[in-house]
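Please open the model in your viewer and keep the selection panel at hand. The stops below proceed from one selection to the next.

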Amino acid sequence: MSVFARNGNGDGGPGAERAVGERSSGAGVRSLTEAPDPELVERAQRRRFTSAYKLAIVREADRLAEQPGKIGALLRREGLYSSHLTKWRRLRDEGALEALSQPRGRHPAPALEAENAHLRRRLAEAEAELEKARTVIEVQGNVSALLGQLLEPRGANAERSTGR
């Protein structure tokens, strides 16, 4: 066989004559000048379903269980997988669907703890301000004493003036 792969039907399709290892310019390859598809999102996001939605889908699927093909139609219509339905049924049977309505992640601190933390911060700020005020008062006292000594007349001593 030669270096070229041959399709044999002559339609120039995916198996048309080309060098081995060369890709076709089919749907999977996009040219460099072609603009990106606006339907595609830059970064996919995980879908989130509410517990009410999950419960409604499970109930509807249970209702449609007697009719062949209806559950598949429901899943296609909603864009779901059968694994979603399996997992949501198991959660419903365990009674966990009510727990799913709570947000994921760290639970917020109780209001009392938040208030205590706020009051502790305010106390620390007030103590720091008090310490500054004490320092200012001490410095003012020292300055006052120094000014009193500097402004006192040198020869005016109370003991000397009464002695003569």
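Is Arg-77 buried or exposed? Select Arg-77: with a relative accessible area of 53%, this residue counts as exposed, where buried means under 20%, exposed over 50% and partly exposed in between, for a 1.4 Å probe and protein chains only. Before going further, note that this is a predicted model, in which local features need pLDDT of at least 70 and side-chain atom pairs count only at pLDDT 80 or more, while totals for chains, interfaces and linings use all residues. Residues are numbered from 1 along each chain as its sequence is written, and side-chain values use heavy atoms, leaving out hydrogens and water.

**Salt-bridge network**

Side chains of opposite charge can pair when their charged atoms come close. A salt bridge here is a side-chain nitrogen of Lys or Arg within 4 Å of a carboxyl oxygen of Asp or Glu, and the count by this rule is eight.

Keep Arg-77 selected and add Glu-60: the two form a salt bridge, with the closest N and O atoms 3.3 Å apart. Because Arg-77 lies in helix α2 (residues 70–78) and Glu-60 in helix α1, this pair ties together parts that are 17 residues apart in sequence. Helices are DSSP runs (H or I, at least four residues), as are strands (E, at least two), and both are numbered from the N terminus.

Next add Arg-63, whose side chain meets that of Glu-60 in a salt bridge of 3.9 Å, N to O. Arg-63 and Glu-60 are three residues apart in helix α1, so about one helical turn separates them. Arg-63 is exposed at 56% relative accessibility, whereas Glu-60 is partly exposed at 21%.

Finally add Glu-78, which forms a salt bridge with Arg-77 at 3.2 Å between the closest N and O atoms. Glu-78 is partly exposed, its relative accessible area being 27%. Through shared partners, the salt bridges join Glu-60, Arg-63, Arg-77 and Glu-78 into one network.

**Aromatic cluster**

A pair of aromatic rings is described by the distance of the centres and the angle of the planes. Rings of Phe, Tyr and Trp (its six-membered ring) pair if their centres lie within 6.5 Å; planes under 30 degrees apart count as stacked, over 60 as edge-to-face and the rest as tilted. Three aromatic pairs are found by this rule.

Select Phe-49 and Tyr-53, a stacked pair with 5.5 Å centre to centre and 15 degrees between the planes. Phe-49 is partly exposed at 23% relative accessibility, and Tyr-53 is likewise partly exposed at 23%.

Now add Trp-88: its ring centre is 6.3 Å from that of Tyr-53 and the planes stand at 80 degrees, so this pair is edge-to-face. The pair links distant parts of the chain, Tyr-53 in helix α1 and Trp-88 in helix α3, 35 residues apart. Trp-88 is buried, at 3% relative accessibility. Phe-49, Tyr-53 and Trp-88 together form one aromatic cluster.

**Helix α3 and helix α5**

Select Thr-86 in helix α3 (residues 82–94); Thr-86 is exposed, at 53% relative accessible area. Measure from its C-alpha to that of Val-58: the two lie 8.9 Å apart in space and 28 residues apart in sequence.

The last selection is Val-139, found in helix α5 (residues 111–151). Val-139 is partly exposed, at 47% relative accessibility.
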